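Thanks for coming. I will take a few minutes to walk through one protein model, from the whole chain down to single residues.

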Amino acid sequence: MNPTMSSSLCTFAALAGSAGRPGRRAGQKGGNKRAVAQPLAAGAVTEAPPAVVVAPPARPVVTAPRRREGRTGGSGTEQLVAWKSIRQERWEGALEVEGELPLWLDGTYLRNGPGLWDLGDYGFRHLFDGYATLVRVSFRDGHAVGAHRQIESEAYKAAREHGKVCYREFSEVPKSEGFMSLVGQIAKLFSGSSLTDNSNTGVVRLGDGRVLCLTETVKGSIVVNPDTLDTVSKFEYEDNLGGLIHSAHPIVNDNEFWTLIPDLIRPGYVVAKMDAGSNERKFVGRVDCRGGPAPGWVHSFPVTDNYVVVPEMPLRYCAANLLRAEPTPLYKFQWHPESGSYMHVMCKASGKVVASVEVPPFVTFHYINAYEEKDEEGRVTAIIADCCEHNADTSILDKLRLNNLRSFTGEDVLTDARVGRFRIPLDGSPIGELEAALDPEEHGRGMDMCSINPAHVGKEYRYAYACGAQRPCNFPNTLTKIDLVEKTAKNWYEEGAVPSEPYFVPRPGAVEEDDGVAISMVSAKDGSGYALVLDAKTFQEVARAKFPYGLPYGLHCCWVPRDK
């Protein structure tokens, strides 16, 4: 056996852990103010005004290095605030509201994402490397209070203390100081102890009210306080399912938490469920991969009322790439189109795989929704699963390098994307379908970072809210409302702005699917930042709640209703 293969098998073993069947276990309106937000000085680092900091951090604040101020992109244009590190570890204060916030909007919007990409003089490579910054906007009686805070992961605390990367991030690895240091790092990779717990991806509200920040490592599951943004504790999974990685986007409702755990030794996926109020994942079933040397990447997946859809993408985990000190263009993955692309369907009740079909090659980070297609007699004949699909183009990963995002030259370089619609027949047919659900030109051939009315998760639905594109661009720069019945889109755009995922919040008592608002945090061209509130029906701006400083781009959101 050659050394590369040996190393790969060892890494498979480390990452797979003991994923599989568990053993037995014990156990007033807004003020209509129209003042224009003042732009930051050219090249300024994102910084909150000191006068409104709630409390200085107990430990030293990590800041973007002074020498980087005024740095520009490759074309000489000013670097957008979206791609600058946050300067202060925490801030809280009242937000100026322009427009009128709905009086029924009563609760807290949370957004998670990477917000710190610099350590001393060292700048991270990739968007996904940044240390997690949690942003909060609390709405009540037409007013808004905003805040942000760094999530206190072990990876962040170690970097703050030592001034360097201490855990393996998406594209960053700790720097070796000699041969024995390298050996020690490899040993830590095998055990999983060197994998990051930097939970910079998702944020979900569990059925019991706990709020959980997530990334793709199991250890990166962290409980936070939605009111103070304090890091409360690690979320400890109290089961024997093992595994060191899982889907960054579980499906969560008031009663259940569904997740996928890739198995890298015997390529496949464990489907697991956790009841509200519990920390124990329960084994539901297993799907064996049909192709390739490793499972396909499962950043997200969809469910229906009765089924779990398990995608097997030809962009597969790669142990050899995990061991590299310098990243490849595909980072921890490898493209295997010859291995085939598949969609599997598992019955929630029995754990049995009821369909496994081959589909055209695809690349997606995010599934939008899935539902059951029925015949005239009410029998389920197929599963429809929608995703933000990048036309099987893996270059999207490398285009998210920070250097690429910071150096837009006016060329149209954003990878094309569409609403990819899978049809998975349940009649035993071996082949499924994948096509665009509407003309991608409707949303500028950009499509990612999506949400829907939560009452329609797993059910037939009409509307989705996402980030689209107005070309030319190098990153999604619009908000778009997709109508999957009329096959049209409504788009919001502001020149030079970078909006994040629009999160749909239904109006209490609403009957119509799009009766509510869509909220997005926007990093503006002038260096400011604000929470944008759109009427979800008309997709027109209702209000914006303005931060007194700019915020870096963030990823995913959730809504925490106020306790009555």
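I will start with the overall numbers, then one sheet, then a few individual residues.

What you see is a predicted model, in which local features need pLDDT of at least 70 and side-chain atom pairs count only at pLDDT 80 or more, while totals for chains, interfaces and linings use all residues. Residues are numbered from 1 along each chain as its sequence is written, and side-chain values use heavy atoms, with hydrogens and water left out.

First, the whole protein. There are five helices and 35 strands. Those are DSSP runs, numbered from the N terminus: helices are H or I with at least four residues, and strands are E with at least two. The protein has 564 residues, and 58% of them count as buried. Buried means under 20% relative accessible area, exposed means over 50%, and partly exposed is in between, with a 1.4 Å probe and protein chains only. About 22,000 Å² is exposed, and carbon and sulfur atoms supply 50% of that. Those areas come from the Shrake-Rupley method with a 1.4 Å probe; for residues, only the protein chains shown count as cover.

Next, the interior. In soluble globular proteins, nonpolar side chains tend to be buried together. By nonpolar core I mean a set of buried Ala, Val, Leu, Ile, Met, Phe, Trp, Tyr and Cys residues joined through side-chain atoms within 4.5 Å. Which residues have the most contacts inside the largest nonpolar core? They are Leu127, Tyr131, Met343, Leu397, Phe422, Ile424 and Tyr553, in a core of 84 residues. Another core, of 25 residues, lies apart from it, and Tyr109, Phe139, Ala144 and Cys557 are among its members.

Now the sheet. Four strands form an open antiparallel sheet in the order 9-10-11-12. Two strands pair if DSSP finds at least two bridges between them. At the edges are strand 9 (202-205) and strand 12 (231-234), each pairing on one side only. From one strand to the next, the twist averages 30 degrees; the axes are lines fitted to C-alpha atoms, for helices over the stretch in contact, and angles run from 0 to 180 degrees between N-to-C directions.

Strand 9 and strand 10 run antiparallel and are joined by four bridges. Arg205 has Val211 in strand 10 as its bridge partner. The two strands, 9 and 10, form a hairpin with five residues between them, and Gly209 in the turn has a positive phi of about 100 degrees.

On to the next pair. Strand 10 (residues 211-214) and strand 11 (residues 222-224) are joined by three bridges and run antiparallel. Cys213 is the bridge partner of Ile222 in strand 11, and Leu212 is that of Val223. In a regular strand the side chains alternate between the two faces of the sheet. Strand 10 is covered on both faces: Val211 and Cys213 on one side, Leu212 and Leu214 on the other, are all buried.

In the loop between strand 10 and strand 11 sits Thr215. Is Thr215 buried or exposed? Thr215 is buried, because its relative accessible area is 9%. Its side chain makes a polar contact of 3.4 Å with that of Thr201. A polar contact is a pair of N or O atoms within 3.5 Å; within protein, one must be able to donate a hydrogen and the other to accept it, and residues adjacent in sequence count only if both atoms are side-chain atoms.

Asp118, in strand 5 (residues 118-119), is also a buried residue, with a relative accessible area of 3%. The side chain of Asp118 makes a polar contact of 2.6 Å with the side chain of Ser85.

Gly446 is in the loop between strand 25 (433-436) and strand 26 (448-451). Gly446 is buried, since its relative accessible area is 1%. Between the C-alpha atoms of Gly446 and Asp416 there are 5.8 Å, with the two positions 30 residues apart along the chain counted as their separation. 

Last, the backbone. Most residues other than glycine have a negative phi, and most peptide bonds are trans. Tyr331 is not a glycine, yet has a positive phi of about 60 degrees. A cis peptide bond joins Arg471 and Pro472, with omega about 0 degrees. Pro472 is in the loop between strand 27 (463-468) and strand 28 (478-483).
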